[in-house]
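Work through the following exercises with the sequence and the model side by side. Each task is followed by a solution that proceeds step by step.

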Amino acid sequence: MCNNKRKIVLVGTGMVGMSFAYSALNQSLCDELVLVDIDKKRARGEAMDLNHGVAFARSSMRIYAGEYSDCSDADIVVICAGVNQKPGESRLDLLKRNAAVFQSIIEPVVRSGFGGVFLVATNPVDIMTRVTYELSGFNPNRVFGSGTTLDTARLRYLLGEYFSVDPRNMHAYVIGEHGDSEFVPWSQAMLATKSVMDICEQSGGRYQVEEMQRLSLEVRDAAQQIIEAKSATYYGIGMSLVRISRAVLGNENSVLTVSARLRGEYGQRGIYAGVPCIVNSNGVDRVLELQLSQEEQQLFSESCGILEESYVGLDL
């Protein structure tokens, strides 16, 4: 960690960024939260609004609008800046527009002397995390994205409802691109210590293997459904970012499906994709490589291929 204070700089005060900030305040995530935005007036207003709720929070937090120079002693820089996803627009369609935004962010953060970890939420998150890595020159362990953390939370929620079990006791993951090519490796899905597939096959028809595929599609399409209904998603991802940040600040060694740079795992190199990782104060301590079936390995390779194809040709 960079100092004794838990300090986070949030870049981007749109709905995702402020959902993170509001959740961070309510969960007493850090001691100091700095809001940075190209719209400085908005950042000041958001800081004022949050500060008026500090008296109701569980602990005090210093919240203020700042500059990139404030990153110098931060533990985490959370990047939520970027253009919004439009109805019907895929996350990958956002790539070129958001890559230009990141060029104006990463350089001044690095120039400040920042020595913490980058946590990226801007979509398409896997590619934007890779862009952050390339532009920053940081050790890849210290540059990671929200990945499929929210997708995994959605999956566990739906599985918990289906099996009438606390979602925290469902151990299943969404991996690959945070987007249309993501998938669930059902061979690794467990209810406590029992395979979900075995439960379905041994339930006498009460639980159906076919329903698992329906749930995975519901998870994949959830973002578009929310966007169609209310124009954007922000609460879930905001809380996901708080969960990831807590793992960093608390040096928890928690297993989270963040977007991490692969260095040979799953036969991939240089790609950022959502995979289970151990997350601590150093960022991604290591990738936990699942034992995928042949079909699942093929799906993961195809997902990484899409990410690689989208990244190639960017003028960074």
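**Exercise 1.** In what order do the strands of the open sheet of three strands lie, and is the pairing parallel or antiparallel?

Solution. Begin with the conventions: this is a predicted model, in which local features need pLDDT of at least 70 and side-chain atom pairs count only at pLDDT 80 or more, while totals for chains, interfaces and linings use all residues. Residues are numbered from 1 along each chain as its sequence is written, and side-chain values use heavy atoms, with hydrogens and water left out. Helices (H or I, at least four residues) and strands (E, at least two) are DSSP runs numbered from the N terminus, and two strands pair if DSSP finds at least two bridges between them. On these terms the order of the open sheet is β7-β8-β9, and its pairing is antiparallel. The edges are formed by β7 (170–171) and β9 (194–195), each of which pairs on one side only. Strand β8 (residues 190–191) is joined to β9 by two bridges, and M190 has S195 as its bridge partner in β9. Finally, inspect the loop between β8 and β9, where A192 lies: the phi of A192 is near 60°, a positive value in a residue other than glycine.

**Exercise 2.** Describe how helix α1 packs against helix α2, starting from the axes.

Solution. The axes, which are lines fitted to C-alpha atoms, for helices over the stretch in contact, with angles from 0 to 180 degrees between N-to-C directions, come within 11 Å for α1 (residues 15–26) and α2 (residues 40–51) and cross at roughly 25°. That angle makes α1 roughly parallel to α2, given that angles under 35 degrees count as roughly parallel, over 145 as roughly antiparallel, 65 to 115 as roughly perpendicular and the rest as oblique. Next, list the residues in contact (heavy atoms within 4.5 Å): α1 contributes M15, M18, A21, Y22 and L25, and α2 contributes R42, E46 and L50.

**Exercise 3.** Carry out the same analysis for helices α5 and α7.

Solution. Helix α5 (residues 149–163) and helix α7 (residues 209–230) have axes 10 Å apart and pack at an angle of about 130°, and the two are therefore oblique to each other. Among the residues that make the contact are L155, L158 and F163 of α5, together with L215, V219 and I226 of α7.

**Exercise 4.** How many bridges join β10 to strand β11, and which residue of β11 stands opposite V255?

Solution. Nine bridges join β10 to β11 (residues 269–280), and the two strands run antiparallel; V255 stands opposite I278. The pair forms a hairpin with five residues between the strands, and G264 in the turn has a positive phi of about 110°. For burial, apply the cut-offs of relative accessible area: buried is under 20%, exposed over 50%, and partly exposed in between (1.4 Å probe, protein chains only). Strand β10 (residues 254–263) has seven of its ten residues buried, so it is largely enclosed by the rest of the structure. G267, in the loop between β10 and β11, counts as exposed at 67% relative accessibility.

**Exercise 5.** Which two residues are joined by a cis peptide bond, and in which loop is P124 found?

Solution. The cis peptide bond joins N123 and P124, with omega about -5°. P124 is found in the loop between β5 (117–120) and α4 (125–136).
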